[in-house]
Amino acid sequence: MGNGWKNRITDILGCDYPIILGPMRLITLGSMAACISNAGGFGVIGASGLSREKLIEEIKLAQSLTNKPVGVNIPVYRPNAMEALEVSIDMGVKAIYTSAGDPAKLIDKIKYAGLKVIHKVSNLGMARKAEAAGVDAVVAMGYEAGGHIGREGITTFCLIPVLAQALNIPVIASGGIGDANGLLAALALGAEGVEIGTRFVATNECPVPTFFKESLCAAELTSTVVLGKEAMPMRVLKNTIVEQTAGTGEAKTDQVLAQQEKADALYVGEGGNKHTSVMPCGQVAGLINDVSSVSDVLSQMINGTKSILDILNRMTSGGR
Ligand SMILES: Cc1cc2nc3c(=O)[nH]c(=O)nc-3n(C[C@H](O)[C@H](O)[C@H](O)COP(=O)(O)O)c2cc1C
C-alpha cells in the first residue's frame with residue numbers, strides 16, 4: 001500500500017492516510033477504531049451512549065490493539081460531554097472529534113491539554129463558526145451520508161468546494177465515499193481527507209449483525225430514506241419498520257429518537273432482523289456489493305487511485 005500520504009490531515013491526526021472512520025454510536029468502539037488505525041486510517045471511538053467506565057474500557061482496548069493514534073467522538077450537546085473529554089485527556093487520546101453542538105464549549109480544555117480537534121459540520125455557517133472557535137479541521141458531511149445529517153440537504157459535491165475555498169483550515173469530506181473514485185473526487189473538490197461510515201459497516205470486522213451487512217450489499221441507490229426531515233434528519237435503509245412507524249420523511253423528533261433507540265438495540269445484539277431493525281445507512285450503499293476486510297477496503301481505495309490518475313493524466317494530456 002506504500003508508505004502513506006502526507007498532508008495537513010495526516011499531520012494533524014498522525015495517521016498514514018487521510019481516511020477517517022466515521023463515528024457510529026455503539027458500533028465504532030475500541031476494536032473497530034484500532035482496526036482502522038492499524039490499516040493506516042484514523043480510528044474513532046464514539047463516546048455517545050457509553051458510560052464513563054465503558055468509555056475507559058473501550059479506549060484501553062483500542063490502545064492495547066494498536067500503537068497508532070485513535071480519536072474519540074464527543075457529541076457536544078450530551079450532558080456527559082465534559083466527562084467524556086476528561087476521560088479522553090486522562091487516557092492520552094491524541095485527537096477529539098466533536099459533533100452535534102458548538103465546539104467552543106469544549107475547545108479551551110482540549111487545547112490546554114494539547115490535543116487536536118476536528119468538528120463535524122453540514123453547512124458553511126457551522127464551518128465558519130467552528131474555524132473561529134479554533135478547531136484544527138472540519139468534517140463536512142453531505143446529505144447523502146448515513147445516520148444523522150444536516151437539515152439543509154446540501155450534497156457532498158457542492159458542500160466541499162465551498163468550504164475548501166472559504167476556510168483556512170483543512171476540510172474532510174464525508175458522505176457518499178466508499179471507493180477510490182470517491183476518495184479522489186473528494187480530494188479534487190478540495191478536501192484533504194475523507195470520512196467513511198457506511199462502507200466500513202460492510203466489513204468483516206464491523207460489530208453489526210450479518211443481516212445489516214447483507215442489506216447494505218443488496219441495497220440500491222434508492223434504498224435509503226431520510227426520517228425526520230424537518231426535525232432531526234436521519235438517513236436509514238428503507239424496510240418494513242421504517243415505513244410503518246415513521247412514514248417516509250414525515251417523522252417528528254421523538255419518532256426519530258425512538259428509531260434511534262431501535263438502532264441502538266440492534267448494535268447491542270438485542271434481536272431484530274432486516275425487517276424489524278432500523279439501520280442507519282448512506283446512499284453509498286448502492287455502490288457496495290461485498291463484505292470484505294477493513295484492510296482490503298482501505299488498500300483498494302488507496303491503490304485504486306493510481307489507475308484513475310493514469311486515466312485522467314492521459315485524458316488531460318490529449319490521449320485516450
Ligand atoms: C450505522 C451508522 C451509524 C452512525 N452513527 C453516528 C453517530 O452516532 N454519530 C455521528 O456523529 N455520526 C454517525 N453516523 C455518521 C458517520 O459518522 C459518517 O459521518 C457517515 O456515515 C458518512 O457518510 P457515509 O455513510 O456515506 O460514509 C453514523 C452512520 C452510520 C452508517
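Modeller: Helices (H or I, at least four residues) and strands (E, at least two) are DSSP runs, numbered from the N terminus. Residues are numbered from 1 along each chain as its sequence is written. The model is predicted: local features need pLDDT of at least 70 and side-chain atom pairs 80 or more, while totals for chains, interfaces and linings use all residues.

Colleague: Which element gives the most to the shell around the ligand?

Modeller: The ligand is surrounded by 30 residues (C-beta atom, placed from the backbone, within 6 Å of it), and Gly22, Gly146, Gly147, Gly197 and Gly282 are the closest of them. Two or more of these residues come from each of strand S7 (147-148), strand S9 (193-196) and helix H9 (198-201). The element that gives the most, with three residues, is H9.

Colleague: How wide an arc around the axis do the buried residues of H3 cover?

Modeller: In helix H3, the buried residues (20 or more other C-beta atoms within 10 Å of their own; exposed residues have 12 or fewer) are Leu55, Glu58, Ile59 and Ala62. They lie on the same side of H3, because the arc of directions from the helix axis to their C-beta atoms is only 100°.

Colleague: Which exposed residues sit on the face of H3 turned away from its buried side?

Modeller: The buried side of this helix, made by residues 55, 58, 59 and 62, is the place to start. Looking at the face of H3 that is turned away from that side, we find the exposed residues Glu53, Lys60 and Ser64.

Colleague: Which strands are the edge strands of the open sheet that contains S11?

Modeller: Strands pair if DSSP finds at least two bridges between them, and S7 and S11 do so in the antiparallel sense over two bridges, with Gly147 standing opposite Arg235 and His148 having Met234 as its bridge partner. On the other hand, S10 (residues 224-227) runs antiparallel to S11 and is joined to it by four bridges, among them the one that makes Val225 the partner of Val236. The three strands therefore form an open sheet in the order S7-S11-S10. Each of the two edge strands pairs on one side only, and these strands are S7 and S10.

Colleague: Is strand S11 covered on both faces, or on one, and which residues show this?

Modeller: Strand S11 spans residues 234-237, and both of its faces are covered. On one side the buried residues are Met234 and Val236, and on the other they are Arg235 and Leu237.

Colleague: What is the phi of glycine 228 in the turn between S10 and S11?

Modeller: S10 and S11 form a hairpin, with six residues between the two strands. Glycine 228 lies in that turn, and its phi is positive, at about 65°.

Colleague: Which residue in S9 stands opposite serine 174?

Modeller: Serine 174 belongs to strand S8 (residues 171-174), where Val171 and Ala173 point one way, Ile172 and Ser174 point the other way, and all are buried. S8 runs parallel to S6 (residues 137-141), to which four bridges join it, and there valine 139 has isoleucine 172 as its bridge partner. S8 also pairs with S9 in the parallel sense over three bridges. In S9, the residue opposite serine 174 is glutamate 195.
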